[in-house]
Amino acid sequence: FLLALLLFLQFGGVIGVHNDFTQNAWMPARLVLEGASPYNPSRSQLDSALGSYSAEFSSFNGGSHYFFIYPMWVALFFLPLGAVPLALAIAMWRAANVLLLVWGVGSILKSSNPAFRSSKSAVFAAVALMVILCLLYRESINTLIGGQFAIVEFGLLAAVWGWLASSAGKASSALLVGDSLAGVALAVLATKPQSAGLAVALIGLWALSRRRYAIPIAAFLSLTLLLGLPMVFYPHSLGDWLAIVLGGQAGSQAEVSASVWGVSYALLGGMSLWKWLALALSFAGLLLILPFWRHDLRDRQAALPISLPMTICVNSMISPYMLGYEQVLLLFPALVFLAASSTNEAPSKGGARRLRLALYVWMGVLPLLLIPVQNLFRSEAPLIVQSATLLGVCLLIRLTWIRYAEGRVFFSQPIIPKRFYTSDFSV
């Protein structure tokens, strides 16, 4: 953390302060500290909050007029950072995200395969390689530079996955605290439904099927408190936020999103038919994952909802508000794959090596190849290739048919009729 903090302080001036962290975290917190509403501040209030940086903000995410796009509790959460100078706050936020990303990578690997809990040099080298690739993954860099929240979402999913893995075999009385915290994590993730909505729904349904009611109850109560408690001090905050979201913010990126919505618009242009095509493709994505959700809900052996990685891929492909930086969440299924391919139950040593190499290329090479394509189209739509290729890997090597037993994820026999898949792992 300290190393990352020093680096970001050193180069923060080159990157600049005009980013989403400033507009969606620091600025609303600063406005609250100065007694102004973050949802409809005047220009003079913005200039007062920004201080010497006000000249750099002639425009905002919404154009010349600034508005806060998150519920009030987010602004209140960032009050400590809002109280410190902007450059320092940005550096602290980025350093914390680097720390969280590194922790999340190790957590997912260790939760999915106990071999990664070893202190052997080979394990250390493998984990170090994956950490470096995840840090250099283009969407990780975009998230850090842009001051986005995608790495926080990644870390929350890693924490929930790790808890579910470690809670296998524990008595019900020992689950209450961990399950309650998992519910709080789901409530926070629900703030970004465009990137994690399907994952939250799956985990909630899975918890209900396992009668681990503390998870959905804690999620509901936490979300209620997060949205309702600030109204005690800011009575109009919830209505102001909903007015912004429902007033166009929720669908503002559909035409350029890195999903079937952006692709449909790119193919059909301004024709109204593009929305129907996007809806049809989104519905097809939901139909794709439903059989695997059904299997998870009926499975009483696995300690995890095994279809979660595929669900994240599908969510990325069908969300109307999916920008490239949110694809940091795709690191989650990629890391589960890497952990599963490192077990003795991998389909073959050669196949496991090819799988790992393909994922390394997916993380380190594919995003770079998409840069000129994205510049050509001037939208996020080409980035759907990142989620589509990973979803293709899910289907080809049967990610959702992997098993969880004895504390690890591993490959085994598929659960669907053989005519629906290929047994040639080299495809």
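The legends below describe three close-up views of a predicted model. Residues are numbered from 1 along each chain as its sequence is written, and side-chain values use heavy atoms, without hydrogens and water. Because the model is predicted, local features need pLDDT of at least 70 and side-chain atom pairs count only at pLDDT 80 or more, while totals for chains, interfaces and linings use all residues.

**View 1. Packing of helices α10 and α12.** Helix α10 (residues 176-189) packs against helix α12 (residues 214-228) at an angle of about 45 degrees, with the axes 7 Å apart, and the two are therefore oblique to each other (neither under 35, nor over 145, nor 65 to 115 degrees). In the contact (heavy atoms within 4.5 Å), residues of α10 including Leu176, Gly183 and Val188 meet residues of α12, among them Ala214, Ala218 and Leu226.

**View 2. The second largest pocket.** This pocket (an open set of points on a 1 Å grid with protein on both sides within 12 Å along at least five of seven lines) holds about 410 Å³ of space. Its lining (residues with an atom within 4 Å of a point) comprises 18 residues, of which Trp73, Phe77, Phe78, Val152 and Val188 lie nearest the centre.

**View 3. The largest cavity.** The largest cavity (points where a 1.4 Å probe fits but cannot get out) has a volume of about 40 Å³. Among the residues that line this cavity are Tyr39, Trp73, Leu226 and Trp241, and α13 (237-249) gives the most to the lining, with 3 residues.

Definitions and conventions: Axes fitted to C-alpha atoms, helices over the stretch in contact; angles between N-to-C directions. Helix = DSSP H or I, 4+ residues; strand = E, 2+ residues; numbered from the N terminus. Points joined across faces, edges and corners; volume = space filled by probe spheres on them.
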